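Subject: Structure handover

Hello,

Here is the structure for you to look through. My notes follow below it.

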Amino acid sequence: MEQQGVIPQNEKSDKGPGAPEISRHTPMMQQYLRIKAQHPDMLLFYRMGDFYEMFYDDAERAARLLDITLTTRGASAGEAIRMAGVPYHAVDQYLAKLVRLGESVAICEQIGDPNTSKGPVERQVTRIVTPGTLTDSALLDDKRDNLLLALHVHRATVGLAWLSLASGRFAVMEIVVADLANELERLRPSEILVADAAELPQLANGDAAVKRLPPWYFDFDAARRNLCRQFETLDLSGFGAAGLTSAVAAAGALLEYARSTQGTTIVHVKSLTVEQERAFVRMDPATRRNLEISETIRGEAAPTLLSLLDTCATGMGSRLLRHALHHPLRDREVLELRLAAVAAVMGDTGRGIYSALHEILRTCVDVERITARIALKSARPRDLSGLRDTLASLPELTAVVATALTPRLAALAAALAPQDDLTALLSAAIRPEPAAVLREGGVIADGFDAELDELRAIQTNCGAFLMELEAREKSRTGIPNLKVEYNRVHGFYIEVTRAQADRVPDDYRRRQTLKNAERYITPELKTFEDKALSAQERALAREKFLYEKLLDDLAAHIPQLQRAAAALAELDMLATFAERAAVLDWASPEFADEPLIEVEAGRHPVVEGQVEHFIANDAQLSSARQMLLVTGPNMGGKSTYMRQVALIALLACCGSFVPAKRARLGPIDQIYTRIGAADDLAGGRSTFMVEMTEAAYILHHATAESLVLMDEIGRGTSTFDGLALAWAIARHLVEKNKSLTLFATHYFELTRLAEEFRQVVNVHLDAVEHKDRIVFLHSVEEGPANQSYGLQVAQLAGVPAAVIRAARRNLALLEEHGLTPGPQRDLFAATASAAPDATAVEDHAAMRLLRDTNPDALSPKEALDLLYRLRRQLDD
C-alpha cells in the first residue's frame, strides 16, 4: 500500500471537492482542519473526552477499515459533520488493526486545560504510528522484528538503510538494482521509504507499506550531518560508511522520518552497522520459499523449520532465532564458537543446563523493547517493574552459565553482569505491583519521595478524619443519624434527614436538597475538602514528574541494557539449539576447507516430525562427485531428500546441530533451489516462464561453493524442448558453475551425463510393485531408476480404474511404435537404421575430396565449382 507524502495547499483534500473555506467552519473544526492539513496522508485520531474522533473522509475511511459506525453530528460551514470514533482506553486494538492494513495514524491529544481555555482546548499531535515505527508491545509481534527501511537509487547502485526502532539496530548496505528483490525478501520490512520520483517495480508486489517522501529527505550532505550528529562523531569512517553515498542518503532519510514520528530524539540508536553480502550465505526469494524456513509454501506459519525450532523462552530469543535462520553465516570462527557453546549447554549426556536456563529466562521481560521505550519516553510502569525483576534474576542466570563456560558463554556472562545501581534505583522508585498506566497513580513506591508521601498521607488519613468529624458533629448537634460522606459530583458533605433539619447549627451551609434529606458543608469540612482534593491532583502531578525524571535517569543505562538484552537473546537461542539437539537427536556438524557436503543418515527436520517412520539417507557431494542426478518415482521422496541436504547445510551455517548421524561441510556461499513453480498471474508469467527465470538466475550467479537444488527442470513445455533445456542446464552447472548440485529429473536420458562427466553420479529413490500397487522405500541407492511408476502413482491418487486401463493401452502403443526396446526411451540415442557407419563416411568420395582441398588457395569461382562437385557426389 503506497502513501503519498504530498501536503495539499488547503483542506479540500480532507473534505473533497468544493469544500468551503476554513474560516467558515466552527472554531473546533478549524482547529481540526489545520492539524489535519499537516498530516494529509494519515488518519487523524482527534482526542475529544473519552474518545478519539475522526471526521469527514477520515471518518468514512476508518469506518470501512475498522468496521465501526459512521454517523453525522451537528454542522460546520453549513454541512453535516461525518464522524466516527473509538474509545481512548481501547485505542491499541484499533491501531493494531490499522497498522496491519498498512495505515499510518497521527495521534492528536488535548494538551491544554479545559477549565482555562476560552475556545477549543489546545491540541497537538504527540506521536505518529506507522507500520515501521512501532514500539508499543500491544502493537508488535513479540516473535518478529519490525523494520523500517529506506532505499535510495544513485546511478546503478541502491542504498539500503533499515532500523528496528524497537531495538535500536541500525544497518546499511549497497547493492545493485538486480539484487533488490532478494534483499527485500531477506529483510521483510514493514514500511519502505522511497523518494517521490523513484520508479522501482520490485516494490509493487511486496506486503510492506510504501511511503513516498520529498527528494530533499535523501540529500547526501544533510544525511551525513544528521548521522554524525546522532552518533556524535566527526565523520562516518569509523562505521565503514564514508564511501557509501546511496546508503548514507537512505540512512539520513530514515533517521529524519523516525524522529518525526516519535516527536523526540532517538537516543537508543547509538551506532551504524555496514552489512556486507559476503557475510551471509545468500538465498534468493525462491529458495527461502521452497525451504519453508519461516513460512510454508502456502504462506502459513507451521509446519516450518522455525516452528520446529522455536522453543525459546523469550520474544528476544525467538526474534534472534528467526534472524539467524534467514541470515546463515559464512564466518567459520563465529560458527565454531556458537557450536561449542551449544555443546556445553547441551552437556555430554544430553541433560545439560538448557532447562535451567529456560526456566529463568521465562521470567524475563523483553529487555530489548523496554529499553527502546525508555529511550523514547514511552515506557509504562509495568515495563519498569518487569525490568527491575529481570535485572534481579541476572545473578542466578550467570551462576547457571558459569557451570558450562566456553569462550562465547563467558562473553555472554560478562554482558549479563549484575547492574546493582540500576536494580537499586528501580526497586526504590517503582512499587512491587504498580498500576498499569501512570494516570491512575499508584506507580512510585512509598518512601521514594517525601513530598509524594505527604500528599498520599492526606488521602490515606481522609477516612479517619471523616469518622472523627462525624462523631464530633453528632455530639455537637445531638443528631444521632448525621452522616459525613463524599461523592465525585458534590465532594464532601454532612447529610441530615429532613426531620432533623431544624436542629443544624448556624455554621452549616446548605449544599444540596434531596427528597428526604439535606446536605450541608461547614467551614472546617470545606477546608479539608480543598486540601484533600488538591492533594490527589497534586499527588498525580508529582508522580508524573517523578516518573518522567526516572526515565531521564534511566537513559544513562541504555547501553548496558542493550548489551544485556543482546546477551539474553543469544543465550535463549543457544539454549533452544541445545534443547532441540537433545530432544531430536541431532549431531554437531564439522567443517572442511574444500567444497564438499558429506551427510551420514541425514533426515528432513520438519518432515521427520510429520511421519511415523522416517528413512534416513546419506549424501556425498565433492569436486569428484559434483552432481547427483536423482531419479525415481513421483512421491518417492526426491524433493524431500534434496531439501534435507539444503536444510542441514543451512542449520550448520546458523551454528546449530543438524539432523544427521554425522555431517561435514565445506565453504558454502549460496544456496539455490528450483523446486516447484506456479503461475505468476499478476506479473503475466506462466509456470514455465517462472521456472526458467529462476533457473537463469541460478546459472548466472552460482559458484563452485554454491549448493544448487534443481527439481524436474523442463516441465511445462514439449518433451523435447524440456529435455533439451534440462540437458543443457545440467551440463552448464557441471562445466561452468561447478556447483555442488542435486538434480532431480524424470528424463531418463539425462542419466547418460554420468558417462560423459566423471563428476556426475546417478542415484535413485527406490520403489517396488506389489499386486498392482507401488510401495515407496524412500531409500537412496546408487545408479539410475529403472522406471517412473507414473501410472501406479496416478492410481494411488484415485484416478478412475478405467482411465488407468486406457493409459496402460496407450503406453503399450507408444512403446511399440515410438520407442526402442528398453526401460525408457533414450531421445539422444540414434536408431539403428538412422545411424551411419563411421568407416563408410570416412571413405566417401566427398570426404576424400574435402581432405585434399586447400580452401586458402581457391578463387571464388573455384570454391563455387567445388561446392557443386561435392553436392553431386553426395547425391550419387
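Two strands count as paired if DSSP finds at least two bridges between them. Keep that in mind for the sheet. Note also that this is a predicted model.

**The sheet**

Strand S16 (residues 491-497) and strand S18 (residues 517-521) are an antiparallel pair, joined over four bridges. Within it, Ile494 stands opposite Tyr520 of S18. The full sheet is open and has four strands, ordered S15-S16-S18-S17. Its pairing is antiparallel. Which strands stand at the edges? They are S15 (483-487) and S17 (509-513). Each has a single partner strand, so one side of each has no neighbour in the sheet. On average, neighbouring strands are turned by 40° against each other, direction ignored.

**Helices on the sheet**

Helix H18 (residues 462-477) packs on the sheet and touches S15 and S16. Its direction makes about 145° with that of S15. Helix H19 (residues 523-554) packs there too, touching S15, S16, S17 and S18. The direction of H19 makes about 145° with that of S16.

**The cores**

In soluble globular proteins, nonpolar side chains tend to be buried together. Here the largest nonpolar core has 111 residues. Leu384 and Leu707 have the most contacts inside it. Helix H20 (residues 558-584) gives the most to this core, with 13 residues. Another core lies apart from it, with 33 residues, including Phe218 and Val248.

What does Leu707 touch, leaving aside neighbours within four places in sequence? Its contacts include Ile597, Leu621, Val645, Gln670, Tyr672 and Leu740.

Best wishes

Technical notes
Residues are numbered from 1 along each chain as its sequence is written. This is a predicted model: local features need pLDDT of at least 70, side-chain atom pairs count only at pLDDT 80 or more; totals for chains, interfaces and linings use all residues. Side-chain values use heavy atoms; hydrogens and water are left out. A nonpolar core is a set of buried Ala, Val, Leu, Ile, Met, Phe, Trp, Tyr and Cys residues joined through side-chain atoms within 4.5 Å. Buried means under 20% relative accessible area, exposed over 50%, partly exposed in between (1.4 Å probe, protein chains only). Helices (H or I, at least four residues) and strands (E, at least two) are DSSP runs, numbered from the N terminus. Contact means heavy atoms within 4.5 Å. Axes are lines fitted to C-alpha atoms, for helices over the stretch in contact, and angles run from 0 to 180 degrees between N-to-C directions.
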